Amino acid sequence: MYDPKSLKAEDFIDDEEVRATLEYAEANKNNEKLIDEILEKARPVPTETGCVCHGLTHREASVLLACEIPEKIERMYEIAEEIKLAFYGNRIVIFAPLYLSNYCVNGCLYCPYHLKNKNIPRKKLTQEELRAEVIALQDMGHKRLAIEAGEDPVNNPIEYILDCIDTIYSVHHKNGDIRRVNVNIAATTVENYKKLKDAGIGTYILFQETYHKKSYERLHPTGPKHDYAYHTEAMDRAMEGGIDDVGLGVLFGLELYKYEFAALIMHAEHLEAVHGVGPHTISVPRVKKADDIDPDEFDNGIDDETFIKIAACIRLAVPYTGMIISTRETEEVRAKMLRVGISQVSGASRTSVGGYTQEERPHDTEQFDVSDQRTLDEVVHWLMDSDHIPSFCTACYRAGRTGDRFMELCKSGQILNCCHPNALMTLAEYLEDYASPETKKTGYEMIERELNNIPKENVRRTAMENIEAIKNSNRRDFRF
Ligand code: SAM
């Protein structure tokens with residue numbers, strides 16, 4: 001029976017409740033009065049210090065997703081952008097995935113790393129190879145990584161992952177360093193989550209793939225990942241292990257998107273109800289063609305328009321949650337997604353093991369081919385051209401502002417006095433150390449404009465001084 005406070009997957013992602021939600025949404029998709037009320041509820045409300053948002057329940061958000069009235073959809077997009085600007089401003093956080101190992105014992109039908117795929121060479125980075133990958137990433141300008149690995153207790157045990165995290169944090173090449181390592185590895189035990197926490201990880205990311213239990217079991221026929229409850233309850237174990245920033249995601253294309261959407265919001269509600277803090281991020285990957293994988297086989301593929309509507313509805317439902325779009329998507333789709341609430345993008349990604357140290361994008365060990373193949377400098381320039389500040393900031397995590405403390409900052413309206421200057425300072429670091437002359441010119445023009453948007457005089461002055469110091473190669477640990 002549906003119970004968001006239960007720790008059992010079958011209660012907080014109760015199939016009956018998801019189905020009842022879809023029926024309710026279908027019955028009300030033309031109910032303009034209700035839709036207007038829901039839209040009104042989603043809007044940011046000004047307060048003395050900034051503004052607040054109330055978010056939406058899974059039922060309310062599902063009504064919006066079902067609605068096909070063009071003016072209402074347009075309104076959803078406007079509100080999504082309003083929320084995004086209210087809480088995240090025009091900053092976009094940049095990161096890159098780093099593949100450690102493609103050894104995997106699971107049988108996931110959509111993933112080329114599945115155990116039975118013999119076409120793909122298996123590779124696991126040594127610590128020496130990892131150092132070289134990290135240097136290549138630092139030399140592009142990256143400060144934030146998401147490490148990726150298949151599930152294999154023999155080849156990729158937790159000790160290997162922990163060694164890799166240590167190595168990544170230990171590499172400081174020229175002015176480079178990786179300041180936040182997010183981790184995307186298979187569901188594990190509370191004890192292992194504690195170890196990850198102690199190793200200083202940022203967000204623990206785990207995609208649910210699909211919330212539909214039967215489909216989940218069919219798509220994961222063999223290996224430890226077959227266990228739906230163990231996978232779905234992973235975030236509760238992660239939180240029990242002390243990780244308070246967790247990242248949810250659905251692999252869109254596997255199951256009916258309306259089902260996935262309702263369940264995803266229910267998962268967020270569950271985390272909030274039990275742990276007092278919702279997901280730190282939500283990712284929206286779509287299944288891609290890969291070795292031995294044909295996405296058309298899953299026949300639940302969604303077109304770009306629906307995809308963007310899903311992102312906007314997520315933005316309205318969970319206003320304080322960061323949203324991530326990867327290079328699985330084209331530049332065109334990514335540009336549209338930025339407008340409806342995305343707050344983080346990956347750039348210059350390589351999805352193969354050891355890919356960053358190779359001249360050409362290698363395909364042998366890759367998980368899927370990326371659609372956005374631009375360099376990091378091109379992505380940074382592109383963001384600024386559309387008036388987004390590329391941010392390499394990792395300050396919240398380093399200052400201990402994780403979980404509910406980050407959410408508090410988000411809600412306090414102080415982001416413009418905190419995240420905004422941090423974004424500008426880390427952008428200045430990037431411009432000095434890694435940017436092309438054109439990007440550097442555009443970047444400093446943007447910094448000059450954006451410094452004026454910092455409300456507090458003293459914060460603005462300190463940010464200006466720090467940026468001058470960065471220009472004069474006088475690096476300190478600048479952050480608010
Ligand atoms: N092995 C870990 C696990 O089991 O959760 C996660 C690491 S895996 C490298 C990261 C994610 O890639 C998966 O959770 C899945 O959603 C996604 N993925 C797998 N195959 C894909 C494909 N063909 N297209 C797009 N994304 C894919």
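These are my notebook entries on a predicted model of one protein chain.

**Entry 1: the whole chain**

I began with the overall dimensions. The C-alpha atoms of the chain fill a box of roughly 60 × 55 × 40 Å along the principal axes. I then compared the radius of gyration with the globule rule: for 480 residues a compact globule would have a value near 23 Å, and the chain has 21 Å, which agrees. I recorded 20 helices and 11 strands in the chain.

Next I looked up burial and surface. Of the 480 residues, 62% count as buried. The chain exposes about 18,900 Å², and carbon and sulfur atoms supply 49% of that area. For contacts between residues at least 6 apart in sequence, I noted that 74% join residues at least 24 apart. I also checked the charges: the mean positions of the 58 positive and 81 negative charges are 3 Å apart.

**Entry 2: helices 12 and 18**

I tested two helices against the expected rise. Helix 18 covers residues 415-433; at 1.5 Å a residue its 19 residues should span 27 Å, and its end C-alpha atoms are 26 Å apart, which agrees. I found helix 18 mostly covered, with 16 of its 19 residues buried.

Helix 12 also has 19 residues, with an expected span of 27 Å, and its end C-alpha atoms lie 27 Å apart, in agreement. Among the buried residues of helix 12 I listed Tyr259, Phe261, Leu264, Ile265, Met266, His267 and Leu271. The run from Tyr259 to Ala268 is buried throughout, and His270 is buried as well. Just after helix 12, I noted that Gly276 takes a positive phi of about 80°.

On the other side of helix 12 I looked up Leu256, which sits in the loop between strand 7 (246-249) and helix 12 (257-275). Its relative accessibility is 53%, so I entered Leu256 as exposed, the cut-off being over 50%. The C-alpha atoms of Leu256 and Thr210 are separated by 9.2 Å, although the two residues are 46 apart along the chain.

**Entry 3: two buried helix residues**

I placed His231 in helix 10 (residues 228-232). With a relative accessible area of 4%, under the 20% cut-off, His231 is buried. Leaving aside neighbours within four places in sequence, I found His231 in contact with Ala187, Leu206, Phe207, Gln208, Tyr216 and Lys225.

I then turned to Thr167, which belongs to helix 7. Thr167 has 7% relative accessibility and therefore counts as buried. Beyond its neighbours within four places in sequence, Thr167 is in contact with Gln127, Leu130 and Arg131. I also looked up Glu128, 39 residues from Thr167 along the chain; the C-alpha atoms of the two are separated by 9.0 Å.

**Entry 4: positive phi outside glycine**

Most residues other than glycine have a negative phi, and I therefore looked for departures from this. Lys174 has a positive phi of about 50° although it is not a glycine. I located Lys174 in the loop between helix 7 (158-170) and strand 5 (180-184). At 70% relative accessibility, Lys174 counts as exposed.

Asp292, likewise not a glycine, has a positive phi of about 70°. I located Asp292 in the loop between strand 8 (281-283) and helix 13 (304-317).

Methods: Residues numbered from 1 in each chain as written. Predicted model: local features only at pLDDT ≥ 70, side-chain atom pairs only at ≥ 80, totals over all residues. Heavy atoms only, no water. Helix = DSSP H or I, 4+ residues; strand = E, 2+ residues; numbered from the N terminus. Expected span 1.5 Å × (residues − 1). Buried < 20%, exposed > 50% of the residue type's maximum accessible area, 1.4 Å probe, protein only. Rg over C-alpha atoms; globule rule 2.2 N^0.38 Å. Contact = heavy atoms within 4.5 Å. Areas by Shrake-Rupley, 256 points an atom, 1.4 Å probe, with all protein chains shown as cover. Lys, Arg positive; Asp, Glu negative; His and termini not counted. Charge placed at Lys NZ, Arg CZ, Asp CG, Glu CD.
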